[in-house]
Amino acid sequence: MTSESIVFTIFLIFTGAAVLASVALLARQALLIAYIVLGVLVGPAGFGLVADTALLRDMAHVGIIFLLFLLGLNLHPQKLVQLFRQTLIVTLASSAAFAALGYAVARLFGIGGGDAVVIGIATAFSSTIIGLKLIPTTVLHHRHTGEVIISVLLLQDLIAIVALLGLHGSAGGAAQAADVLWLALALPLLAAGAYLVERYVLMGLIRRFDRIQEYLFLLAIGWCLGVAQAAHSMGLSYEIGAFIAGVAVAASPVSRFIAESLKPLRDFFLVMFFFTLGAAFDVRAAAAVVLPAVLLAGLALSVKPVVFRFLMVSVSENNRLAWEIGFRLGQMSEFALLIVFYASEAELIAASTAYVVQLATMLTFIGSTYLVVLRYPTPIAVSERLRRD
């Protein structure tokens, strides 16, 4: 992608997003849908104005990294450990139930056993980006609802990483026990390393130069991306590294300043994320698998809130909060797209299987966004009563 085409692509994304976002707001619709629709319209499957989305996809990933970093800034480490203990059983039980649901739908349409397993795994998780983008930063992050959602999503991320390791092992034809063992060790090692650097290096720099806001801004970005890269190098995800970086600084007096200063940067890259999601969607290929994809999406949207509500009530959450958590987590995940990408690259599944997951995931993104925006407080609510930033 040349520098000229990059400038033109950025122009298309943000000018087009501004136009469609205006239409969406006038029609009282969610902005996320406008970004996805724009990607479909100008991407390779639409008018073809943006032909190469690979670089954009990598750039857009930065938005998710910053999102997890900002979330970590709002959770004290002791509180996080307590939440993980509470939500572990809920996360494992719900993931197993949703995987069984996806597998059953796939088998109903005659999809082979191996492909059905991949669809089941892809159905198991909820979207980190949708779930967290719709949580008001200044309200729910400091309330129990937001904390529970964050802990469930992070535990799901760990399970998804294990699933990806399993796919790599299947592709290689060899056992990956060493990789799984290393994964179990990598997370505590990364957390301990981040804690030591934060305590003996980062805090000293912050205390010495805390009056220079530009420096704090650069230091925050460097810290976030540095720990994210360390996590990736250790076999974990960038997102987990960024979250650990945020949690490590959560007790700092400058954490609020860092959170506020990085919000515009986060939003810039998140617009690109949703655009690339739409641009990568092949409408013509997905048309052949509409029926199984629509059924899978419909069941995910209707069953996930019920299952989460049941499990949350079983661990002593009140009924109203349990329903809200269920609806906020009631979609498929961007990890589903990553899982079928790896499986397709390794030739473990048919192309049609990947299209089923892609279309179902897109439909749940749209459906879940509407359900949450119309019922609960969000930064992009169409109702003034529910709009919280």
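In this predicted model, Glu-260 has a relative accessible area of 40% and is therefore partly exposed, falling between the 20% and 50% limits. Its salt-bridge partner is Lys-263, and the closest N and O atoms of this pair are 3.7 Å apart. Both residues belong to helix α11, where a spacing of 3 residues, about one turn of the helix, separates Glu-260 from Lys-263. Lys-263 has a relative accessibility of 11% and so counts as buried, the limit being under 20%. The bridge thus joins a partly exposed Glu-260 to a buried Lys-263.

This pair is one of 3 salt bridges found in a search of the whole structure. Another links Arg-266 with Asp-267, with 3.0 Å between the closest N and O atoms. Here too the two partners fall into separate classes of accessibility: Arg-266 is buried, at 8%, while Asp-267, at 27%, is partly exposed.

A further bridge brings together the side chains of Arg-328 and Glu-324, again with an N to O distance of 3.0 Å. Helix α14, which spans residues 319-328, holds both of them, 4 residues apart and so about one turn of the helix. In this case both partners are buried: Arg-328 has a relative accessibility of 2%, and Glu-324 one of 9%.

Turning to the open spaces of the model, the largest pocket encloses about 1400 Å³. Its lining is made up of 37 residues, of which Arg-57, Glu-334, Leu-337, Leu-338 and Phe-341 are the closest to the centre. Two or more lining residues come from each of the helices α3 (54-72), α7 (144-172), α10 (238-249), α11 (255-279), α15 (334-345) and α16 (351-375). Helix α15 makes the greatest contribution, giving 9 residues to the lining of this pocket. In terms of residue class, the pocket lining consists of 20 nonpolar, 10 polar and 7 charged residues.

Enclosed space is also present, in the form of 2 cavities of 30 Å³ or more. The largest cavity has a volume of about 50 Å³, and its walls are formed by Phe-69, Leu-202, Ile-206, Leu-216, Leu-219, Ala-220, Trp-223, Val-249 and Ile-258. Helices α8 (177-209) and α9 (213-233) are the elements that give two or more residues to this lining, and the largest share, 4 residues, is that of α9. The lining of the largest cavity comprises 9 nonpolar residues, with no polar and no charged ones. The lining of the largest pocket, for its part, includes 10 polar and 7 charged residues.

On the surface, Phe-8, Phe-11, Val-37, Leu-41, Phe-47 and Leu-49 come together as a nonpolar patch, and their combined accessible area is about 590 Å². Helices α1 (3-26) and α2 (31-42) each provide at least two residues of the patch. Leu-41, one of the patch residues, is located in helix α2. With a relative accessibility of 38%, Leu-41 lies between the 20% and 50% limits and so counts as partly exposed. This value also satisfies the patch criterion, because residues of a patch must have over 30% relative accessible area.

How values were computed
Residues numbered from 1 in each chain as written. Predicted model: local features only at pLDDT ≥ 70, side-chain atom pairs only at ≥ 80, totals over all residues. Heavy atoms only, no water. 1 Å grid on protein atoms, 1.4 Å probe; cavity = no way out; pocket = protein on both sides within 12 Å on 5 of 7 lines; lining within 4 Å. Points joined across faces, edges and corners; volume = space filled by probe spheres on them. Nonpolar A, V, L, I, M, F, W, Y, C, P; charged D, E, K, R; others polar. Patch = residues over 30% accessible without salt bridge, like charges linked within 9 Å, V, L, I, M, F, W, Y side chains within 5 Å. Areas by Shrake-Rupley, 256 points an atom, 1.4 Å probe, with all protein chains shown as cover. Salt bridge = Lys/Arg side-chain N within 4 Å of Asp/Glu carboxyl O. Buried < 20%, exposed > 50% of the residue type's maximum accessible area, 1.4 Å probe, protein only.
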